[in-house]
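Hi,

Here is the structure I said I would send over. Have a look at it first, then read my notes underneath.

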Amino acid sequence: YAEELTSGDFFGRHNESLQTLEDAYDEIKRTNQSKSVLVRGESGTGKTSLVLALRDTVVLRRKTGFFCMGKYSQDPEVGQDPYSAIMAAFSDLCDLVLQASDQKRVEDIKESLGSNGQYLARAVTNISPFLNEEPEFSISDMKDKYVLAKFKVACLTFLRAMSSNAHPVVLFLDDVQWIDAGSRELIEAFLQATNEIGNFMLIAAYREGEAKWVEDSISQCDQNSNANIDILLRNLDFGALNKMISSKFPYSSSSHIYPFSKLIYSRTQGNPYYASELIRAIERENCSAQFGGSFVINEAVIKNTLKMEQKISNSFASLLSQKVAQLNPEMQGVLKVATALGGQFSENILLDCSMDVFHENGLRDLSAERLQILLKDLVTDHFFIESNGLYQFIHDKLRVTVQDLMPWDSIANLHVVIGQTINNYSNANAKYQAAVHLNRAFDMHKESRGYFP
C-alpha cells in the first residue's frame with residue numbers, strides 16, 4: 001500500500017524487497033530454473049501491493065513473462081470451491097497465452113497436455129482451446145483418488161507447458177492462510193516439482209504466523225536453499241513513513257510534514273495500509289487545503305487532524321465504515337454484490353448479479369459502460385485491485401466492513417440472486433458454485449430465525 005500513496009515508489013525495506021523479487025525473476029529467466037517465494041507479514045504491511053509491483057515489472061516494463069494470480073477468501077463458504085485460487089490463476093494464464101496470438105504455442109501446449117488436459121476442463125473455465133478431448137468428470141469427482149492423482153499430474157503438466165524462457169510464469173497465490181485442503185496438497189506438489197517445471201516462480205503471500213505449513217513444506221520439498229526466498233514485511237519505521245509522506249505532499253514544508261508524520265505514526269505505528277487510509281480520510285476532511293491542485297499540509301490541517309482524533313474511535317473499522325458511507329449509492333451497490341461474491345470476480349458476473357440489487361434500491365439500470373466507470377473509480381479510490389480482468393477487494397478488512405454494514409437477510413438474499421444467476425451459466429463448474437451460494441443463503445436464513453440443525 002505504500003506505493004499506492006506515492007505512485008510507484010517504495011520506502012524502507014519495501015524497496016529492497018521489490019528489488020529482491022525482480023532479481024529472482026531475472027534469475028529464473030537467465031537460468032531456466034524455478035523459485036519459490038514466501039511473502040509474509042502482518043495485515044496491512046503491503047504484501048499484495050509488493051507482488052503486484054513485480055507484475056508491473058514483468059508485464060508492463062519488460063514485457064516478457066506471464067503473471068497470473070488467485071486469492072483465497074476468509075470465508076470459505078462464500079464462493080470458494082476447492083482449488084479456487086489456483087484454478088483462477090490458471091484461467092488467467094490461458095487468457096494471457098491466447099492473447100499472444102501464437103497458434104504454434106497453443107498447439108504445442110495442447111500436445112503437451114494430451115489426454116491429461118481433460119482433468120482441468122471442469123475447473124479451468126477457458127482451457128478448451130488447449131484440449132484434445134472432451135472432459136469426462138467434474139470438480140466434485142476429486143474425491144476419487146485416481147481422478148485426483150490425474151488432476152495433480154495435469155496441473156504440473158499445464159505449468160510445464162505454459163512456462164518457457166521467452167515467457168516465464170509467475171504464479172501468485174494471495175492469502176494462503178485461508179487455503180483449502182486440496183489446494184494445500186497441490187501447492188506441495190508444485191514445490192516438489194519446481195525443478196522439473198523450469199522458468200517458473202511460485203509466490204505465496206500470507207499473514208505472519210498463520211501459514212507455517214508453507215515454510216515447512218518448502219524446507220521438506222526443496223533442499224536447494226538458493227531456490228527459496230523468504231520476504232518478511234514489517235511496518236514502516238518513522239523515517240520511512242516521513243519520507244513517504246514528504247513524497248506524497250511535495251508542496252508542503254518540512255516544518256509541517258514532520259509533526260504531521262508524528263501524528264500518523266502514533267496512530268498507525270507505521271502500518272502502510274492503515275496510514276494510507278488515515279491520510280485519505282484527512283484529505284477528505286480538509287479538501288480546501290489545496291495549492292496548485294495538490295493537497296498541502298499546513299497548520300490548519302494539523303489542527304484539524306488533532307480534532308479528528310476525537311471523531312474517529314480507536315477502531316480502524318470505523319475509519320473504513322466512514323469511507324464506505326461517503327460513497328454514492330451506485331458504488332455502495334457494487335460493493336455489496338462484490339462482498340457476497342467473495343475472492344475474485346469478473347466484470348461480467350458482477351454486472352449480471354447487480355441488476356436486482358440496483359432495482360431493490362431504486363437505482364437506474366446498470367449498464368456495462370456504467371459498471372466500467374464505477375469499477376475504475378473503485379480502483380482509483382483504493383477499494384478494489386484488478387489483475388487480468390479480475391477484481392478483488394484491496395484488503396479483506398474492507399470486505400468485512402461492507403458486510404458488517406449490511407443486514408443479515410440482505411446478504412442472504414444476495415447469495416440467492418448470485419446462486420440463481422450463476423446457475424444459468426454454461427460454465428461446467430457453474431452448478432457447483434451456484435449450490436455453494438444457495439446453500440449459504442439457506443443457512444443464513446435459518447440462523448437469522450434462530451433455527452440451528
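Below is what I found, starting with the whole protein and then going residue by residue.

First, keep in mind that this is a predicted model. The protein has 453 residues, and 55% of them are buried. Its secondary structure comes to 20 helices and 10 strands. If you take the contacts between residues at least 6 apart in sequence, 74% of them join residues at least 24 apart. As for the outside, the accessible surface is about 19,900 Å², and carbon and sulfur atoms account for 47% of that.

Now for the charged residues. Side chains of opposite charge can pair when their charged atoms come close. How many salt bridges does the structure hold? There are 14. One of them joins E208 to R40, with the closest N and O atoms 2.7 Å apart. This pair ties together distant parts of the chain: R40 sits in strand β1 (residues 34-41), while E208 is in the loop between β4 (200-207) and α9 (212-221), and the two are 168 residues apart. Are they buried or exposed, or somewhere in between? R40 counts as buried because its relative accessible area is 14%, which is under the 20% cut-off. E208 comes out at 37%, so it is partly exposed. The pair also belongs to something bigger than itself, since R40, E208 and D230 are linked in a network of salt bridges.

Two other salt bridges sit within helices:

- R280 and E277 meet at 3.0 Å, N to O. They are 3 residues apart in helix α12 (residues 272-285), so about one helical turn separates them. Both are buried.
- D396 and R399 meet at 3.2 Å, N to O. They are also 3 residues apart, this time in helix α18 (residues 396-404), which means about one helical turn lies between them. D396 is buried, and R399 is buried too.

Next, a charged residue without such a partner. D92 is in helix α4 (residues 84-99). D92 is buried yet has no salt bridge, and the nearest side chain of opposite charge, R55, is 8.2 Å away. What does the side chain of D92 have by way of a polar atom's neighbour? One of its polar atoms lies 3.5 Å from the backbone nitrogen of M69. Setting aside neighbours within four places in sequence, D92 is in contact with C68, M69, S387, N388 and L390.

Another buried residue to click on is N199, in the loop between α8 (194-197) and β4. Its relative accessible area is 8%, so N199 counts as buried. Leaving out neighbours within four places in sequence, N199 has contacts that include I28, K29, N32, Q33 and S34, as well as S163, S164 and N165.

Last, a sheet. Three strands form an open sheet in the order β8-β10-β9, with antiparallel pairing. β8 (345-346) and β9 (384-387) stand at the edges with a single partner strand each, so one side of each has no neighbour in the sheet. β8 pairs with β10 (residues 390-393) over 2 bridges. To find that pairing on screen, look for F345, which stands opposite Y391 in β10.

Cheers

Terms used: Residues are numbered from 1 along each chain as its sequence is written. This is a predicted model: local features need pLDDT of at least 70, side-chain atom pairs count only at pLDDT 80 or more; totals for chains, interfaces and linings use all residues. Side-chain values use heavy atoms; hydrogens and water are left out. Helices (H or I, at least four residues) and strands (E, at least two) are DSSP runs, numbered from the N terminus. Buried means under 20% relative accessible area, exposed over 50%, partly exposed in between (1.4 Å probe, protein chains only). Lys and Arg count as positive and Asp and Glu as negative; His and the chain ends are not counted. A salt bridge is a side-chain nitrogen of Lys or Arg within 4 Å of a carboxyl oxygen of Asp or Glu. A polar contact is a pair of N or O atoms within 3.5 Å; within protein, one must be able to donate a hydrogen and the other to accept it, and residues adjacent in sequence count only if both atoms are side-chain atoms. Contact means heavy atoms within 4.5 Å. Accessible areas come from the Shrake-Rupley method with a 1.4 Å probe; for residues, only the protein chains shown count as cover. Two strands pair if DSSP finds at least two bridges between them.
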